[in-house]
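User: Please take a close look at one part of this structure and describe how it is put together and what surrounds it. A single connected account is fine.

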Amino acid sequence: MAKYDDNYGRDRAEIEDLMARYLMAMDYNDFDTYADTFTEDGTLDYATGTVTGRENIRAESKAFKERVGKMFTDIDGQPALLRHVLCHSVIRVEGDLAWHTGFWFEFDNGGERNKAGRKTILMGTYGIYEDQLKRVDGEWKFFYRNIRNEFLPGRDSGTVNPVLAMDALAEKSSG
């Protein structure tokens, strides 16, 4: 089990805030805020490839969102409204470095209409975030974010507890 210093609670709150801002930015097409959650030289490793550099991440997130709008549609053929949720977060902090492993899932309004005529939700995609973070000028940022997609071949998290891999990486990086 990890040992926590006196600053852990504050660091964890700041990192959780960063993650919430990341998800809200993506869900509401705020690509500037989305990109700003990464360091200048940060890397996003996700289902369609790896992108490095804040400006490249900004451009790729916009292009990805446009592609998703064509893949996920509601019953009326309009781009579905996707909303992401993060839970089960394990965060390890060592000075100005941190590691996070957390479970995420997504739902959208792409379901059938109910008897009242309202669109219903569909549970969609899900997976694991594997993150490395750095404190830059007093703010936590993603240095590396690997989005594991449990539903895509080759992008799943495997069969071993991913927190063990996170702890091993933290030990190697900070030790």
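Analyst: A salt bridge here is a side-chain nitrogen of Lys or Arg within 4 Å of a carboxyl oxygen of Asp or Glu. The model is predicted, so local features need pLDDT of at least 70 and side-chain atom pairs pLDDT 80 or more, while totals for chains, interfaces and linings use all residues. Residues are numbered from 1 along each chain as its sequence is written, and side-chain values use heavy atoms, with hydrogens and water left out.

One such pair is Asp76 with Arg113, whose side chains come to 2.6 Å, N to O. Asp76 sits in the loop between α3 (54-71) and β3, and Arg113 in the loop between β4 and β5, so the salt bridge ties together parts that are 37 residues apart in sequence. (Helices are DSSP runs of H or I of at least four residues, and strands are E runs of at least two, both numbered from the N terminus.) Both partners are partly exposed, Asp76 with a relative accessible area of 42% and Arg113 with 38%. On this scale buried means under 20% relative accessible area, exposed over 50%, and partly exposed in between, with a 1.4 Å probe and protein chains only. Elsewhere, salt bridges with shared partners link Asp36, Glu40, Arg54 and Lys141 into one network. The whole structure holds 21 salt bridges.

The strands named above belong to an open sheet of 6 strands with mixed pairing, in the order β2-β1-β6-β5-β4-β3. Two strands count as paired if DSSP finds at least two bridges between them. β2 (49-52) and β3 (82-94) are the edge strands; each has a single partner, so one side of each lacks a neighbour in the sheet. From one strand to the next the twist averages 15 degrees; axes are lines fitted to C-alpha atoms, for helices over the stretch in contact, and angles run from 0 to 180 degrees between N-to-C directions.

At the β3 edge, 11 bridges pair β3 with β4 (residues 97-108) in the antiparallel sense. Within this pairing His84 has Glu106 of β4 as its bridge partner. Two helices pack here. Helix α1 (residues 8-27) lies across β1 (38-46), β3, β4, β5 (122-136) and β6 (139-149), at about 155 degrees to β3. Helix α4 (residues 162-174) touches β3, β4 and β5, and its direction makes about 150 degrees with that of β4. Contact means heavy atoms within 4.5 Å.

Strand β3 includes Ser89, which is buried at 17% relative accessibility. Leaving aside residues up to four places away in sequence, Ser89 touches Arg12, His100, Thr101 and Gly102. Its side chain makes a polar contact of 2.9 Å with the side chain of His100. A polar contact is a pair of N or O atoms within 3.5 Å; within protein, one must be able to donate a hydrogen and the other to accept it, and residues adjacent in sequence count only if both atoms are side-chain atoms. His88, also in β3, is exposed with a relative accessible area of 65%. Most residues other than glycine have a negative phi. His88 has a positive phi, near 55 degrees. Asp137 likewise has a positive phi, about 50 degrees; it lies in the loop between β5 and β6 and is exposed, at 77%.

Towards the other edge, β1 pairs with β6 in the parallel sense over 4 bridges and with β2 in the antiparallel sense over 4 bridges. Asp45 stands opposite Asn146 in β6 and opposite Thr50 in β2. A hairpin with 2 residues between the strands is formed by β1 and β2. β1 is largely enclosed by the rest of the structure, because 7 of its 9 residues are buried. Thr43 in β1 is buried, at 13%, and its side chain meets that of Thr52 in a polar contact of 2.9 Å.

Helix α1 carries charged pairs of its own. Arg10 and Glu14 form a salt bridge at 2.9 Å, N to O, and lie 4 residues apart, about one turn of the helix. Arg10 is exposed at 62%, whereas Glu14 is partly exposed at 25%. Asp17 and Arg21 form another, with the closest N and O atoms 2.6 Å apart, again about one helical turn from each other.
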